[in-house]
Amino acid sequence: MEHNMKRTDLISQLRPILLAQRNSLRRSLDGELSLLSHPDDDEDESHEEQSFSALSRAESYELAAIDAALQRIRNGSFGECEVCGRSIALARLQALPY
């Protein structure tokens with residue numbers, strides 16, 4: 001993306017990316033929950049459950065952050081620091097938009 005990109009242009013480019021990430025995470029979480037509800041009869045079941053649980057927590061956190069970013073896009077506060085209200089640098093928003 002160009003250095004002189006406008007904030008509104010960046011937001012319009014990031015929104016579909018965030019939506020795609022959200023959909024991907026939802027599918028992943030649905031798949032993990034399905035695997036947990038139908039576990040294999042394997043000795044490593046407990047280890048797998050722990051791994052899925054840790055992964056699910058991380059994905060759930062990321063999903064919540066993406067949903068919050070999409071809400072900020074809708075209400076017009078995307079790109080503003082929630083603590084001080086200052087604008088967040090465009091490069092930072094590009095690197096981690098949520």
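Let's start with the largest nonpolar core, which has 14 residues, and L18, I73 and F78 are the ones that touch the most other members. Please keep in mind as we go that this is a predicted model. Two elements, α1 and α2, each give two or more residues to this core. The top contributor is α1, with six residues. As general background, nonpolar side chains in soluble globular proteins tend to be buried together.

Let me zoom in on I73. Which residues does I73 contact once we set aside its neighbours within four places in sequence? They are I11, R15, L18 and F78. You'll recognise L18 and F78 from a moment ago, as they share with I73 the role of touching the most other core members.

Now a step back to the whole chain. The secondary structure amounts to three helices and zero strands, so to speak a plain α-α-α order when you read from the N terminus. The chain has 98 residues, and 22% of them are buried. If you take contacts between residues at least 6 apart in sequence, 68% of those join residues at least 24 apart. As for the surface, the accessible area is about 6900 Å², and carbon and sulfur atoms account for 51% of that.

Next, a residue I'd like you to find on the screen: R22. It sits in helix α1, which covers residues 7-37. Is R22 buried or exposed? R22 counts as buried because its relative accessibility is 17%, and the cut-off for buried is under 20%. And who are its partners? Not counting residues up to four places away in sequence, R22 touches L63, I66, D67 and L70.

Last stop, the largest pocket. Its volume is about 210 Å³. The lining has 14 residues, and those nearest the centre of the pocket are R72, E80, E82, I88 and Y98. The elements giving two or more residues to that lining are α2, residues 45-75, and α3, residues 90-95. Of the elements, α2 gives the most, with three residues. What is the lining like by class? There are nine nonpolar residues, one polar and four charged.

So to speak once more of the two places we visited: α1 gives the most to the core, with six residues, while α2 gives the most to the lining of the largest pocket, with three. Thanks, everyone, and I'm happy to rotate the model to any of these spots.

Note on methods: Residues are numbered from 1 along each chain as its sequence is written. This is a predicted model: local features need pLDDT of at least 70, side-chain atom pairs count only at pLDDT 80 or more; totals for chains, interfaces and linings use all residues. Side-chain values use heavy atoms; hydrogens and water are left out. Helices (H or I, at least four residues) and strands (E, at least two) are DSSP runs, numbered from the N terminus. Buried means under 20% relative accessible area, exposed over 50%, partly exposed in between (1.4 Å probe, protein chains only). Contact means heavy atoms within 4.5 Å. Accessible areas come from the Shrake-Rupley method with a 1.4 Å probe; for residues, only the protein chains shown count as cover. On a 1 Å grid over the protein atoms alone, a cavity is a set of points where a 1.4 Å probe fits but cannot get out, and a pocket is an open set with protein on both sides within 12 Å along at least five of seven lines; lining residues have an atom within 4 Å of a point. Grid points are joined across faces, edges and corners, and a volume is the space filled by probe spheres set on the points. Ala, Val, Leu, Ile, Met, Phe, Trp, Tyr, Cys and Pro count as nonpolar, Asp, Glu, Lys and Arg as charged, and the others, Gly among them, as polar. A nonpolar core is a set of buried Ala, Val, Leu, Ile, Met, Phe, Trp, Tyr and Cys residues joined through side-chain atoms within 4.5 Å.
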